Every structure is written in C-alpha cells, then in structure tokens.
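Subject: Structure handover

Dear colleague,

Here is the structure for you to take over. Please open it alongside this message; my notes on what was found follow below.

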Amino acid sequence: MTGSGGVAMDVDDFRSSVESWLDDNQHMLAPEYPGSGTLDQQMAQLAKVKRSTYDAGWMRMGWPERVGGLGGSTLMRAYLGEALTTRGLAEPGLYSMTEVLAPTMIEYAAPQLAATVVPALLRGDETWCQGFSEPGTGSNLASLSCRAERTEDGWRVTGQKVWTSLAQYAQRCVLLTRTGTMESAHRGITTLFVDMDSPGIAVRPIETMHGVDEFSEVFFDNVEVPFARTVGEVDGGWAVAMDLLPYERSTSLWHRAAFLHRRLQDLLETAPPGALEPAKLGEVTQLLYAFRARSRATQHRMANGERLGPETSLDKVMLATAEQAIFDLAADTLPSEVTIGDDPTSERWRTEFLYARAATIYGGSIEIQRNIIARRLLNLGSDR
Ligand SMILES: Cc1cc2nc3c(=O)[nH]c(=O)nc-3n(C[C@H](O)[C@H](O)[C@H](O)COP(=O)(O)OP(=O)(O)OC[C@H]3O[C@@H](n4cnc5c(N)ncnc54)[C@H](O)[C@@H]3O)c2cc1C
C-alpha cells in the first residue's frame, strides 16, 4: 500500500511501509550530485523528493485532509523526515521549513487559502519563507516596523526584512507587518501571506559564514496584498507568531537528530586511532540522546493534540547544544580537515562546523530561549 488511498495508516505500518518504499525507490530519489551539493542542487533535490513522496501518498500522511493530507497521526510526518534525512535524501535544514510554516498556516489562514497553498508546499511545487526578523528587530520581535497600511481591498506593505531563509527561492512569504502604532507593540502586528512575485518586492541574498546564500534581505516598496491574504486577525499577528515559533523551535528540528546521529557515526568511522577522546564522545552522545528523547516527547505531545508553547525553548537549547558539541568534537578530532582541508569530505565537516554556530541564533537566540525558560517556565521574574 502506498498510502494514497485516502485512508490513514497505523504509525507502525507507516514506518515499515515507507522504509520499504524508500528501499525500492532509493535509486530514483538519490541526489544526482556528489557530496552535499550547492544550495540550488539541494533545493532541486528537495523538490524532487517532496513531489515523489507526495504523489506516492507518504508526504500527505499526518496532514489534515482539508489541506490535501490523508489524515492520521502527525508522528508519520516525523518518521518520514527522519527516514529521508537518515538516507541523505533531503538536506535537514531545508526540509524543516514545511514543519515550521505549514501548521500555523493551517490553523490561522482562511480555509480556502490553506486548502489551495498547503498542498503546493507539501508537494514541493512551492517554497515559502518566513519574514519575521528586520534589521532592527530580531530578539525583540514585537518592535518590528515593516508597515502594512489598509487600502480599499487589502494592504500596502513597505519596509524591510532580513535573514529571510530561502527568500530567493520562495513563491510565498509568511510576513509579520506593523498595522498599529509602534507603541502598541505586539498588539499592532498583522500576519500576511504574500506572493513573492508581487511588484515592489526585491530580494538580495546574503552569504552565510559557511559560504552559502541561505538567507536574504527582502525589501517591500508599496507592495499590494489582497485582504484575503490576512492570516489570523487584523492586529492579531502576535498570536500567529507565538503559534509558529514553537514549531520552529521543536518539531521542525526532530529529524535533525537523525542527521546528527549519522554525522557522529561518520566521525567514529573516520577518526584516526586514538584521536577521539572517550569522555568527550560520551558527553556528546549523551547530549544528542537527551535532545532526541526530549524531541520525541514533544512529537508525541503534538500528536496528542496538545498546543506547543514556551516549553519548546528547551528543545531548541538542547538541539543547539548537541549540534555544536558534535561539530566541536569533529574539530578536535579532525583538526586539519575542519580548518584547512580542501577535499569534499573536509569541506563538508568545515561547512557543518560553521553552520552549527548558527544553531544558537536561528529560531531565536539561545540567550532568549534561556530567558523564556527562566521567566515563563521557572517563573524567575518578569520580562522587565
Ligand atoms: C541561519 C539563520 C537563518 C535564519 N532564518 C530566518 C528566517 O527565515 N526568517 C527570519 O525572520 N529570521 C531568520 N533568522 C534570524 C534569527 O531569527 C535572528 O537572527 C535571531 O532571532 C536573533 O536576532 P538578531 O540577529 O537581530 O540578534 P539580536 O536580537 O540583535 O541579538 C544580538 C545578541 O544579543 C542577545 N540578546 C538580545 N536581547 C537579549 C536579551 N533580552 N537578553 C539576553 N541577550 C539578549 C542575543 O541573544 C544575541 O546574542 C535566521 C538566522 C540565522 C542565523
């Protein structure tokens, strides 16, 4: 069974069926480029894998039927992401974007809009980006100033976003705009779902420390957005953002554990005899398994219909800590590969080491996550 018959499967059946389908189709799904490939290649690979798994039904499992899904437990989404990442069929960071953006769109967008656009995202026909951060607004998101003015039939948006991952590939953007006064802070924000080919949008890619144009500056100059593209309530965009960020900080990162596990195995196999310090290896393994256990519990909470909230800051801290520890261990164990090696294997270790630095920044910095844990979970004082 491919799962395309419109009947939700049992999670264990899903897991074994998807693995055997991937075994049969591994050759067709495998990347056609050597090594990790360029970002263009990774994006094309992701689209290919999403299309194939969507058409076979797997990518539709665990998503509501009203948005083109086949229903069933959300755990199936987690298993699929894990299987694709473990097999090296999808770059884990790029794969995350669906799990970051789609759940909130399904919850807050008008049903007709969600029913039209979510299937295109799941099938890899579209890429979406997340327009939250601005040059003066990262950690303090409620101070954002990209402005949306009401017009007769919609909104006119003017302002700038920055660090917008994959904006140069995106057909759509989940955009936070200021619709109230600056003093109204989080009460004057509205979320819009914007077509990236709208007149007045300019995208300027920025190269990351690891040498990839992963994110961009995005400029909005009197961009017209239909009113039907308002996501959630007018001036209620803060609730949308607070719904989305927990996915970004937890469930969207689940399959990253599978990727990190694979890279730790690679390190064990590559390390020269005696180069791996056992105590450090033990510590790193413990961090990785702790993250995985935490992340598993969060996946089960989502599957049980619980609303995710500030407790997901713990998942994010644990992921970032484990990821950096693994690549720090790689740098200690393979110092010349990580620093100066110019063969594809060394370049991959170096790239991943550098990208791991971003793990304590994207989705909200680690200091901010610790503030949330201290204030909102441990009740250790207010935000001011
Ligand atoms: C790889 C990557 C991809 C990203 N993709 C996206 C994306 O797709 N969309 C998007 O909108 N954004 C994206 N971002 C941006 C990211 O969300 C922000 O970088 C992050 O929220 C931090 O904001 P900032 O860069 O403005 O830093 P700032 O907020 O200026 O913070 C600078 C430093 O000060 C610390 N700090 C700030 N306030 C406090 C405080 N109150 N207490 C303690 N310490 C504090 C921070 O922890 C940080 O160390 C991405 C970032 C990266 C690295």
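Ring pairs join Phe 14, Trp 21 and Trp 58 into a cluster. Please keep in mind that this is a predicted model.

Aromatic pairs

How many aromatic pairs are there in the model? The count is eight. One of them is formed by Trp 128 and Phe 193, with 4.9 Å from centre to centre and 75° between the planes, which is an edge-to-face arrangement. Trp 128 belongs to strand β1 (residues 128–131) and Phe 193 to strand β5 (residues 189–195), so this pair ties together parts of the chain that lie 65 residues apart in sequence. Are the two partners buried or exposed? Trp 128 is buried, at a relative accessible area of 1%, and Phe 193 is buried as well, at 0%.

Charges over rings

Two arginines have the charged end over an aromatic ring. For Arg 77 the ring is that of Trp 63, and the charged end is 3.5 Å from the ring centre. For Arg 357 the ring is that of Phe 353, with a distance of 4.1 Å to the centre.

The ligand

The ligand is surrounded by 20 residues, of which Ser 133, Ser 139, Trp 163, Ser 365 and Glu 367 are the closest. Sorted by class, this shell holds eight nonpolar, ten polar and two charged residues. Which elements supply at least two residues of the shell each? Strand β3 (154–165) and helix α12 (366–377) do.

The polar contacts of the ligand include both backbone and side-chain atoms of the protein. A polar backbone atom of Gln 130 is 2.7 Å from a nitrogen atom of the ligand. An oxygen atom of the ligand has a backbone N or O atom of Phe 132 at 3.0 Å. A polar side-chain atom of Ser 139 is 2.6 Å from an oxygen atom of the ligand. The ligand taken alone exposes 980 Å², and the protein buries 66% of that.

Trp 163 is one of the closest residues to the ligand, and its place is in strand β3. Its phi is positive, at about 60°, although the residue is not a glycine. In terms of accessibility Trp 163 counts as partly exposed, at 48%; that figure is calculated with protein chains only, so the ligand is not part of the cover.

Other residues looked at

Leu 166 also has a positive phi without being a glycine, with a value near 65°. Leu 166 sits in the loop between β3 and β4. Is this loop residue buried or exposed? At 3% relative accessibility, Leu 166 counts as buried.

Thr 74 is another loop residue, placed between α2 (39–55) and α3 (75–86). Thr 74 has a relative accessible area of 14% and is buried, because the cut-off for that class is under 20%. A polar atom of the Thr 74 side chain lies 3.5 Å from the backbone nitrogen of Ala 303.

Arg 187 is found in the loop between β4 (172–178) and β5. Its relative accessible area is 55%, which makes Arg 187 exposed. Arg 187 and Ala 142 are 45 residues apart in sequence, with 8.6 Å between their C-alpha atoms.

Val 203 is part of strand β6 (residues 201–206). With 32% relative accessibility, Val 203 counts as partly exposed. Between Val 203 and Gln 160 there are 10.0 Å from C-alpha to C-alpha, at a separation of 43 residues in sequence.

Finally, Asp 24 lies in helix α1 (residues 11–29). Asp 24 is exposed, with a relative accessible area of 65%. What separates Asp 24 from Gly 159 in space? Their C-alpha atoms are 49 Å apart, and along the chain the two residues are 135 residues apart.

Where to start

I would open the view on the ligand and its shell of 20 residues, then go to the pair of Trp 128 and Phe 193 across β1 and β5, and then to the cluster of Phe 14, Trp 21 and Trp 58.

Regards

Note on methods:
Residues numbered from 1 in each chain as written. Predicted model: local features only at pLDDT ≥ 70, side-chain atom pairs only at ≥ 80, totals over all residues. Heavy atoms only, no water. Phe/Tyr/Trp six-rings, centres within 6.5 Å; stacked < 30°, edge-to-face > 60°. Helix = DSSP H or I, 4+ residues; strand = E, 2+ residues; numbered from the N terminus. Buried < 20%, exposed > 50% of the residue type's maximum accessible area, 1.4 Å probe, protein only. Lys NZ or Arg CZ within 6 Å of the ring centre and 35° of its normal. Near = heavy atom within 4 Å. Polar contact = N/O pair within 3.5 Å; in protein donor to acceptor, adjacent residues only side chain to side chain. Areas by Shrake-Rupley, 256 points an atom, 1.4 Å probe, with all protein chains shown as cover. Nonpolar A, V, L, I, M, F, W, Y, C, P; charged D, E, K, R; others polar.
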